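Grab a pencil and work through these exercises with the structure open beside you. Try each task before you read its solution.

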Amino acid sequence: MLVILLGAVPLLWPAIPPLTDLPGHIGRFRIMAEAGQGPLAQHYRVDWALIGNLGVDELVLLLRPWLELEAATKLVVTTIPMLTIAAMLWLSREAHGRLQPAALFALPLAYAAPFQFGFVNFSLSVALALAGLALWLRLARGAPAWVRPLAFVPIAALVWLCHSFGWAMLGLFVAGAEWALRRAAGQNWWRAALGAVMMCAPMALPVLILMAGNAHMPAGGTGDWFDLPLKLFWAMSLLRERWQLYDILCVAALFLLLAAAWRSRLVSFAPLLTVPAMLGAAAFLLLPTFYAGASYVDARLLPATLALALLALRVAPGEAHLAGRLAIAGLLFFVLRLATSTAALALFAQGQAAAARGADVLPAGTAVLVLVDEPAADNWNNPRLSHIAGLAIARHRVFTNEQWALAGQQILHPRHPAAAPFDRDPSQLVYPATVPGSTDFDQALATFDRATFRYVWTIGFPVGRAHQPDLIPIWSDGRSAIYRVSAPPSDRRR
């Protein structure tokens, strides 16, 4: 229990967990909470629907009668690493009959890159998927076979509602574990595979419901297949936070542990978790980086896959000395990562809080064009300001161009068609010139719709970087600036 509680430590100090996308989520929560009301109703339309991307949204809205949105968000998001750690420990116990010492090495993966990116709905679904796998193993040991597929119809639907990729991971991992169970019972490989597919088939109910007539299917671009250098980068970035060499060395230590275990006669891999891990690794290699508009699809699989491989490690009976050394090393690794995660997140929180002060200059209900100086993906120390303008939505009910509005993945729709293409994410992101296809800073300022946007907020660009004569600086902190769009002469005479 203490280990689970320790999982919350890195998020206790920051008022808002400093995860890259989370400010944008908080803005969305405000729009959903006040759908059809006040100034936000002029800017956004909410089309309520069941989509596979609503886990944290629904929990925050449920807490709204008792907590402010930002406090509710912190409470929900802080529980995600704790749930993930609890699920990992449960999995270790179910797969081995008792907690294995190597499980401690897997626990820092609760703070892996997808969580740091602020993929909070997905991260919640991963915690539930790992817990679902542990429950499947528990039922396989003590309940009739028909109980598992029946019980997992509502469980799979719940995980899908949190995030559709988490639901897919649940199905993949459970199928692998079921195959291993059947092989252990004496079935040949193809009968075991057929039986596993049939046992998992009822978990496809959410997709069947969608295909039966739900119009909110995911839409968006798919691409970047089999990019092996990029996949290697994702592997090195598993524990990416702030200090590149340190983070990479920590990941290398985990892979070295697996390599050493593979060669050791004193440590084995439990098939119940090894097979799901192998399926996850295969899916990581086969999946593209972008699928139906979602980003980093392959990278999202990797932390849970590596966690399963580490949780599969089993020290041979009678090797108490080795087990003790592994437990001490795993605990030290866990505490070390907690300490550095706490420091890194505190620093990121300071930077986000400083950048968010610009929102207080904006009049309530206005529309602001946001342009963020966004580093390239391989820049390790990203200041995490991509969606900081979401806090302006939450606190001042403004319209910005940083909200996601992809069909089938969000239920929000901007009400300013004249502002397109600067009416939604990722139009706010200004990448270096070496990154193709990103927003051009000067072109955006020259062409944005002045009738929609009355203010411009440049984040990471010093005051004066915007050269247009109708942009009047009204605030700057040296690194960011806010400009008021002056009215054209015809408007001044009215």
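**Exercise 1: a helix and its span**

At 1.5 Å a residue, what should the 23 residues of helix H8 (residues 120-142) span, and how far apart are its end C-alpha atoms?

Solution. Keep in mind that you're working with a predicted model.
- Step 1: the expected span is 1.5 Å times one less than the number of residues, so the 23 residues of H8 should span 33 Å.
- Step 2: look at the ends of H8, where the C-alpha atoms are 33 Å apart, which agrees with the expected span.
- Step 3: now check the surroundings of H8. Of its 23 residues, 17 are buried, so the helix is largely enclosed by the rest of the structure.

**Exercise 2: a strand with two partners**

Find strand S8 (residues 455-459) and work out how many of its 5 residues are buried. Then find the strands that S8 is joined to.

Solution.
- Step 1: buried means under 20% relative accessible area. By that cut-off, 5 of the 5 residues of S8 are buried, so this strand is largely enclosed by the rest of the structure.
- Step 2: sort the side chains by direction. Tyr 455, Trp 457 and Ile 459 point one way from S8, while Val 456 and Thr 458 point the other way.
- Step 3: take the parallel partner. Strand S4 (residues 367-373) runs parallel to S8, and 5 bridges join them. In this pairing, Val 372 has Ile 459 of S8 as its bridge partner.
- Step 4: take the antiparallel partner. S8 and strand S10 (residues 480-485) run antiparallel and are joined by 5 bridges. Here Ile 459 stands opposite Ser 480.

**Exercise 3: far along the chain, but in contact**

Pick out Val 368 and Ile 4. Is Val 368 buried or exposed? Which residues does Ile 4 touch, not counting residues up to four places away in sequence?

Solution.
- Step 1: Val 368 lies in strand S4. With a relative accessible area of 0%, Val 368 is buried.
- Step 2: hop along the chain from Val 368 to Thr 400. That's 32 residues in sequence, yet the two C-alpha atoms are 5.2 Å apart in space.
- Step 3: list what touches Val 368. Leaving aside neighbours within four places in sequence, its contacts include Val 398, Thr 400, Phe 453, Tyr 455 and Trp 457.
- Step 4: move to Ile 4, which is in helix H1 (residues 2-6). Ile 4 has a relative accessible area of 17%, so Ile 4 is buried too.
- Step 5: Ile 4 and Ile 85 are 81 residues apart along the chain, but their C-alpha atoms are separated by 5.9 Å. Leaving out residues up to four places away, Ile 4 touches Met 82, Ile 85, Ala 86 and Leu 89.

**Exercise 4: nonpolar cores**

Which residues touch the most other members of the largest nonpolar core?

Solution.
- Step 1: start with a general idea. In soluble globular proteins, nonpolar side chains tend to be buried together.
- Step 2: the largest nonpolar core here has 88 residues, and Leu 91, Leu 109, Leu 273 and Leu 310 touch the most other members. Helix H16 (residues 297-311) gives the largest share of this core, 11 residues.
- Step 3: zoom in on Leu 273. Beyond its neighbours within four places in sequence, Leu 273 is in contact with residues including Leu 91, Leu 133, Leu 137 and Leu 308.
- Step 4: there's also a second, separate core of 71 residues, and Phe 29, Cys 162, Val 372 and Val 485 are among them.

**Exercise 5: rings and charges**

Which residues do ring pairs link into a cluster? Then find the charged ends that sit over the rings of Phe 122 and Phe 448.

Solution.
- Step 1: the count comes to 14 aromatic pairs. Phe 117, Phe 119, Phe 233, Trp 234, Tyr 296 and Trp 380 are linked into a cluster by ring pairs.
- Step 2: over the ring of Phe 122 sits the charged end of Arg 300, 5.3 Å from the ring centre. Over the ring of Phe 448, it's the charged end of Arg 450, 3.9 Å from the centre.

**Exercise 6: backbone oddities**

Which bond joins Ala 420 and Pro 421? What is the phi of Arg 384 near?

Solution.
- Step 1: Ala 420 and Pro 421 are joined by a cis peptide bond, with omega about 5 degrees. Pro 421 lies in the loop between strand S6 (412-414) and strand S7 (429-430).
- Step 2: Asp 425 and Pro 426 are joined by a cis peptide bond as well, with omega about 5 degrees. Pro 426 is in the loop between S6 and S7.
- Step 3: Arg 384 isn't a glycine, but its phi is positive, near 65 degrees. Arg 384 is buried, with a relative accessible area of 4%.

Note on methods. Residues are numbered from 1 along each chain as its sequence is written. This is a predicted model: local features need pLDDT of at least 70, side-chain atom pairs count only at pLDDT 80 or more; totals for chains, interfaces and linings use all residues. Side-chain values use heavy atoms; hydrogens and water are left out. Buried means under 20% relative accessible area, exposed over 50%, partly exposed in between (1.4 Å probe, protein chains only). Helices (H or I, at least four residues) and strands (E, at least two) are DSSP runs, numbered from the N terminus. Two strands pair if DSSP finds at least two bridges between them. Contact means heavy atoms within 4.5 Å. Rings of Phe, Tyr and Trp (its six-membered ring) pair if their centres lie within 6.5 Å; planes under 30 degrees apart count as stacked, over 60 as edge-to-face and the rest as tilted. A charge sits over a ring if NZ of Lys or CZ of Arg is within 6 Å of the ring centre and within 35 degrees of the ring normal. A nonpolar core is a set of buried Ala, Val, Leu, Ile, Met, Phe, Trp, Tyr and Cys residues joined through side-chain atoms within 4.5 Å.
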